[in-house]
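Me: I would like to understand how the labels people put on a structure are earned. Could we go through some of them together?

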Amino acid sequence: MLGDGILKGLAETAKNFAGSFVSKERMTTVEYPEERLPLPEAARNFPFLVYDGDDWEKGLRCVACQICEKECPPKCIYIEKSKDKKPDYVGKPQIYPAKFDIDISVCMSCQICVEVCPFEAIKMNTEFELATDDRFGGLLLDRKQLARSNEYYHEIHPTEASEVDARLAEEKAKVEAKAKAAAEAAAAKAAAAPSANTPASAAVAKPQAPVEAKPATAGKAAEIAKAPAMATAASEPKPVPGTGTDGPAPLTAEDQKNAETPAKANAREPKAQGEPKE
Amino acid sequence: MSSFGIKNEKLAGWNRPPVFESDGEGELLEVAMGPHHPSTHGVFRMDVVLDGERVIKLKPVFGYLHRNHEQLGQTQSYLANMPYTDRLDYFCSLTNNWAYALAVEKLVGQEVPERAEYLRVILAELTRVQNHASTIGFLLQEMGASGTPLMYAFREREKILDLFESLTGSRMMCNYMRFGGCRVDASPAWIEATRKVVAGLPAFVDEFERFLMTNEILMARCQGIGVLRPDLAVNSGISGPMLRASGVNYDIRKVDHYGIYDRFKFRVPLGDHGDIYDRYMVRMLEMRESISILNQALKDLPAGPVMDPKAKIRNFRPKAGESYGRIEAPKGELGFYLISDGSPNPYRYRVRPPSFINLTVLEDMCLGSNVADVVLIFGSVDIVLGEVDR
Ligand code: SF4
Ligand code: SF4
């Protein structure tokens, strides 16, 4: 019969209409400002910088390596490196971002910065009610506005944050164990042959190396390592920070090692070239 | 206005009505439909020349949403381009991700873990369901069934987008696939939720079918309108549901067996007439086939890693070479062509957008029909302007 199809369709509409009064399933809308759906744990909006401890400025994990700045697709991150250094979570002195701005009017919430950051320093926030009448300054967040505590991170992404914490703790334990072992070995060596060791270490170690190595071995091993710090630096060149202002930024621990090799070679080269000339 | 190089005399008139020229009475009227026309799904213009109600000429004008996608892709790293592919066809970001990942994986010879392959299939089929549902919703909306069918489609789509959000973090800009797998693993809770949503999909498709499939007005307006001949479709590179509605059996999932599609049993729905109704029906049936693929994939989803541990995220530099990765996106054949010269960014990056190429036959389908039908024919092509203009 002509009109059958129309009636069938209308029956369907009527069913849905009536159903919306009785079944919660059919009421699919939410009155937004009053009612809010819980965000899923994976939700992401704009990045924030994680800090440990209470002081946001001291605790920032970011070491201003600028990888995220380079990888950010719309290039909305701007970083200025600091001149001085501060200890990071394993106690190694690192430069920190003197300026870290994200223009969230440009940011496209892609999470690439989070993925490429080797230091777990930048994570995605879930805040979305960021509307402002200030079109330029209001959406350009500086590092103070971006900083959020690790507790906050745990609050919004509990699973992910615990994984990150576990990873960091593991790394820290590894670094500490290594420093301790190195310090002990050096101490033993220094005790065995103090006179023989000193000239060798003086010859190999670059002037600034011992200075930087001292805080690197800090932590539990600091007390043991204090006296033979010079020897440690000579026999154990790994803690020399590769995150200097020069050269490409190091990535993971092994990348860091690789990155250090050319730097060391360069340091030696002038000597090798210089000697024959003179 | 030759039909794209088709010389055959018999074909010449197929897509065209017998009378092209004005009958001499009255004047021709030039109308610009768009760029801000509710039916254009974005900013798209059709310059139509009308003789009374009949279309005797139609010129698609696009580029309003051009964002320099390909050039952008060439100026940044392979990884940084991934989020931009979300923004091509913003209804189906996950299939875009997959096609791009596939191209890069081909370039470097990257293997993908089993579980990631399954997840990709699940996500791609979910994408197909929600895309087809909303396409049909929009089509019916343009037909005058304003609101209701579209809202029903969106109600269902919302459930799928919620799944996307809880897995990838974003409803539409998922940025989920990586070269060598997927970014994060799906939790058991997510799999459970997906099972539930998939279990509810057949009921939705049934409802949608009862709702309008046999509606007399719909049939009167869709059947025999906007016919696309198979020969013309093949010759002009049409792909996807549009090609299959014209009766050409060509589905890249069956042809290429990319991913793990050869493990699933599914049929390829084909149309007979190539009119709007066939395109509508093909999409309906494809949703059913997608649901069957989803059930199979969810049944034997293996455990394991979702990312090849050897795959590189930072310092990704493929060796010099070229590759073309293509998939059956909901809208048709989506391909990414890459040439690498060994540097961190592609030397050449090119997208083969199904929407854009499917749009090239718009005039051939529209000639001789009424203005009101132009809107319908256009809606049945299923385009997204983000992909057309790139
Ligand atoms: S990649 Fe991480 S550590 Fe490096 S600058 Fe960015 S946020 Fe800081
Ligand atoms: S989320 Fe994406 S766009 Fe935003 S700052 Fe990070 S990398 Fe840049």
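Reply: Happily; below, each label is set against its cut-off. Keep in mind that this is a predicted model.

Me: Why is A:Phe17 called exposed?
Reply: A:Phe17 has a relative accessible area of 57%. The label exposed asks for over 50%, so A:Phe17 earns it. You will find this residue in helix 1 (residues 4–22) of chain A.

Me: What makes A:Phe17, A:Phe21 and A:Val22 a nonpolar surface patch?
Reply: A patch takes residues with over 30% relative accessible area and no salt bridge, and nonpolar side chains are joined within 5 Å. Phe and Val are both on the nonpolar list. At 57%, A:Phe17 is over the 30% limit, so its accessibility fits. The patch made by these three residues covers about 420 Å².

Me: How do you know that A:Glu129 and A:Arg36 form a salt bridge?
Reply: Their N to O distance is 2.9 Å. The limit is 4 Å between a side-chain nitrogen of Lys or Arg and a carboxyl oxygen of Asp or Glu, so this pair qualifies. The general idea is that side chains of opposite charge can pair when their charged atoms come close.

Me: What makes this a link between distant parts of the chain?
Reply: The two residues are 93 residues apart. A:Glu129 sits in the loop between strand 4 (122–124) and strand 5 (140–141) of chain A, while A:Arg36 is in the loop between helix 1 and strand 1 (47–51).

Me: Why are A:Glu129 and A:Arg36 called partly exposed?
Reply: A:Glu129 has a relative accessible area of 48%, and A:Arg36 has 47%. Partly exposed lies between the 20% and 50% cut-offs, so the label suits both.

Me: How do you know that B:Glu70 and B:Arg350 form a salt bridge?
Reply: Their closest N and O atoms are 3.4 Å apart, which is within 4 Å, so the pair counts. B:Glu70 belongs to helix 2 (residues 69–75) of chain B and B:Arg350 to strand 8 (residues 348–352), 280 residues apart.

Me: Why do B:Glu70 and B:Arg350 get the labels they do for accessibility?
Reply: B:Glu70 has 14% relative accessibility; buried means under 20%, so B:Glu70 is buried. B:Arg350, at 32%, falls between 20% and 50%, so B:Arg350 is partly exposed.

Me: What makes B:Arg253 and B:Glu125 a salt bridge?
Reply: Their closest N and O atoms are 3.4 Å apart, within the 4 Å limit, so the pair passes. B:Arg253 is in helix 11 (residues 252–255) and B:Glu125 in helix 5 (residues 114–143) of chain B, 128 residues apart. Both residues are buried. They also belong to a network of salt bridges, whose members include B:Arg128 and B:Asp251.

Me: How do you know that a salt bridge crosses between chain B and chain A?
Reply: B:Arg178 and A:Glu115 have their closest N and O atoms 2.6 Å apart, which is within 4 Å, so the rule is met. One salt bridge is found across this interface, where the two chains bury about 2,500 Å² between them.

Me: Why should residues 1–20 of chain B be read with care?
Reply: Their pLDDT stays under 50, on a scale from 0 to 100. Where pLDDT is low, the predicted coordinates should not be read in detail. Chain B as a whole averages a pLDDT of 82, and 93% of the residues score at least 70.

Methods:
Residues numbered from 1 in each chain as written. Chains lettered and ligands numbered in written order. Predicted model: local features only at pLDDT ≥ 70, side-chain atom pairs only at ≥ 80, totals over all residues. Heavy atoms only, no water. Patch = residues over 30% accessible without salt bridge, like charges linked within 9 Å, V, L, I, M, F, W, Y side chains within 5 Å. Areas by Shrake-Rupley, 256 points an atom, 1.4 Å probe, with all protein chains shown as cover. Helix = DSSP H or I, 4+ residues; strand = E, 2+ residues; numbered from the N terminus. Buried < 20%, exposed > 50% of the residue type's maximum accessible area, 1.4 Å probe, protein only. pLDDT = per-residue confidence, 0-100. Contact = heavy atoms within 4.5 Å. Buried area = accessible area lost by both parts, 1.4 Å probe.
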